[in-house]
Amino acid sequence: MGRSYDTFERRVLVGACAGGTMLCLTLLAMQAFGGMLPPEPGSSVLLLGFPFSWGSYNAVPSSTSGLMLLAAPAAAVWGFSVHMRCSDAQIRRCLKGVALLVGLWMLDVLVKYRIPIDAPRLIAFLWYLYYVPMTLIPALCLLCALRASALDERPFAIVLRRVLWVASGAIIALVLTNSLHLQVFSFDVSDPDWQSAYAYNWGYWLAVAVYVAEYLGFFALLLVASRRRLRGVIGVLVMVAVPFAAYSLMYALRHEFAIRTNFSLNYCVVVVTLLELALDFGLLPSYGWYDEAFSRLPLDLKVLARDGSVAFSTDSAGPVPECVLDLTRKVAQSGTHSGATRFRTSAIPHTLFKVYGVSGGAALLAEDVAPLDERRRILTQRQERLRRSNEVLRHESGVRRELWRLQSEESLLRGIEESVSDKVCRMRQILASLPRGAGEDDRARRRDMLTEVKLLVAYCKRKGALVLSERSDPEFDRDRLQLVFNETASDLRSIGVDCAAMVSEEGDLPAGVVSVLYDCLYDVASAALFATDPILMLFVGGDGDGVEMRAALEAAMVDQSRLESATQSLRDDLAGAGEVLSLELSPTSLNVAVRVRVRESTRQGGGET
């Protein structure tokens, strides 16, 4: 609520006072200048007289015009007071509707009884208009109680509101059209005494039943809405309502005592009294209870005026530093109501201040955030410990990876050294046993032995390249693997072995797998070296689980001892490594299939060459 809302309240107050004054002056002018019939003999003086005659009890509407003249502006003033006091918008609208209906009802009664009207049907219609406020007032009261009990958003409450408005509309339509069907009141307009000689029909009793049900629902919902200490207050409302209910029953039964009274005025007075009691006692939400409720809030809350003075404070409110008050005064003087201003000060540690702009000042809320600060400190320490633990884990993981890499290199290097040492010993033996003669046989034998030495040298070179690859670029793609097999095939062709190689592996292979494949290739090549007219075909391919090398050797004649030595060497190279070896032997051929499992392989592009 801002400055514009304060202006609106002042305008409403001025308008209500002006409207009530004009209504009162209009009615007084109509009375003074002959617009109304003079009171009956023996009745009270208008406005200032006693409402009952001195000779006998006679409080009919015509004798209570003064009270009804006061009731209309009084209802307007009460409606404005409700606008100022009631804190719930829906209940406030309903109560202002009751005030409006009371004023219109009093005006209707005054017009009916104090203005000379010769048309009986118009008089009857003015009488029917009584039942418009009489129908809507209990409905509005029930809606107020429904809202106060916090049940208005339930599904049954939505249905109840619709049924309530439909029933009220039907009753009003039934009463206003009574002259057409006479199902509410039965009378003969041609009878001069028709205003007292009428009878009730089923429509009247239906309307009365709806009114009774609505008022019973009003009291029942107030009982639900009230707190335990306020439920006894409902007894006060019942003490007011029960005598009026008895009076209404007497009026409906045409009792002489009740029929001579102004039922409309009494009805409005009692209803307004009941609603005012409900507001005063807190059964309906009212600002009158906010002071006590505000002071009992378990919060450190203060409401400061624009000059910095404390207008309201809770019982739990404590002292505030001057720096906090200065900022609160600035917010109050700025008049801005957008959100809250949050800040902290070292003067009061572990306290969060929130300043909210309100109409005419600012609200200062101090929250104790010591538990939150302690939790934040604990979380910060825990986060720091976790960060250090993560650093240690990352370092440990790096050490483990480096250790695994070194172990792999060592294992690979050890295997290569073992293989190279055997081949070096073999080369030394061959070189030591070279024939010294110059004959044709010696030269042919020496040539064959040097060819084997050449193949052993090529093998050692490839093994050394594998070690270097493991240290720099440990993964072999299809192109590098094709290059290794092409170089070996070229070496074999240079020594008389017709050889071709094809690689169809699409992924990268570790150097250890390539080393195993190369050992198997050399074992097959050593058998082809001493065959007659040898033809060697090599194929390397793989899938998601491993890589497979196939070697097919065909020759006119193969040295069986060399063939057996090659197969035994294949078995030795693959023993205990978990690889699969398949051999097919014949006197003139050797078919080898080696499948090596690859634990981690990255399948990338590639194709056959």
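In the predicted model, strand E11 (residues 535-542) and strand E12 (residues 546-554) run antiparallel to each other and are joined by eight bridges. Within this pairing, Met537 has Ala552 of E12 as its bridge partner. Both strands belong to an open sheet of five strands, arranged in the order E9-E11-E12-E14-E13 with mixed pairing. The edges are formed by strand E9 (498-503) and strand E13 (580-586), each of which pairs on one side only. From one strand to the next, the twist averages 5°.

Two helices pack on this sheet. Helix H16 (residues 478-494) touches E9, E11 and E12, and its direction makes about 175° with that of E9. Helix H17 (residues 511-529) touches E11, E12 and strand E14 (589-597); the direction of H17 makes about 5° with that of E12. E11 and E12 are thus touched by H16 and also by H17.

In another part of the chain, the unreviewed UniProt entry annotates "transmembrane region" at residues 12-37, 57-82, 94-115, 127-151, 163-182, 202-225 and 232-252. Among these spans, residues 202-225 are 100% helix and 0% strand in the model, with end C-alpha atoms 34 Å apart. Residues 127-151 are 80% helix and 0% strand, and the end C-alpha atoms of this span lie 36 Å apart.

Helix H9 comprises residues 233-252. Its 20 residues extend 29 Å from the first C-alpha to the last, close to the 28 Å expected at 1.5 Å a residue. Buried positions in H9 are Val233, Ile234, Leu237, Ala241, Phe244, Tyr247, Ser248 and Ala252. The packing partners of the buried H9 residues are strand E2 (199-200), helix H8 (202-225), helix H10 (256-259) and helix H11 (263-280). The residue range of H8 coincides with one of the spans annotated in the UniProt entry. Arg254, which follows H9, has a positive phi, near 65°.

With respect to cysteines, the structure holds zero disulfides. Cys141 is in no disulfide, and the nearest cysteine sulfur, that of Cys144, is 6.2 Å away. Cys141 counts as buried because its relative accessibility is 2%, under the 20% cut-off. Cys499 likewise counts as buried, because its relative accessibility is 3%.

Key. Residues numbered from 1 in each chain as written. Predicted model: local features only at pLDDT ≥ 70, side-chain atom pairs only at ≥ 80, totals over all residues. Heavy atoms only, no water. Helix = DSSP H or I, 4+ residues; strand = E, 2+ residues; numbered from the N terminus. Expected span 1.5 Å × (residues − 1). Buried < 20%, exposed > 50% of the residue type's maximum accessible area, 1.4 Å probe, protein only. Contact = heavy atoms within 4.5 Å. UniProt positions renumbered as here; feature names shortened; annotations may be inferred. Pairing = 2+ DSSP bridges. Axes fitted to C-alpha atoms, helices over the stretch in contact; angles between N-to-C directions. Disulfide = S-S within 2.5 Å.
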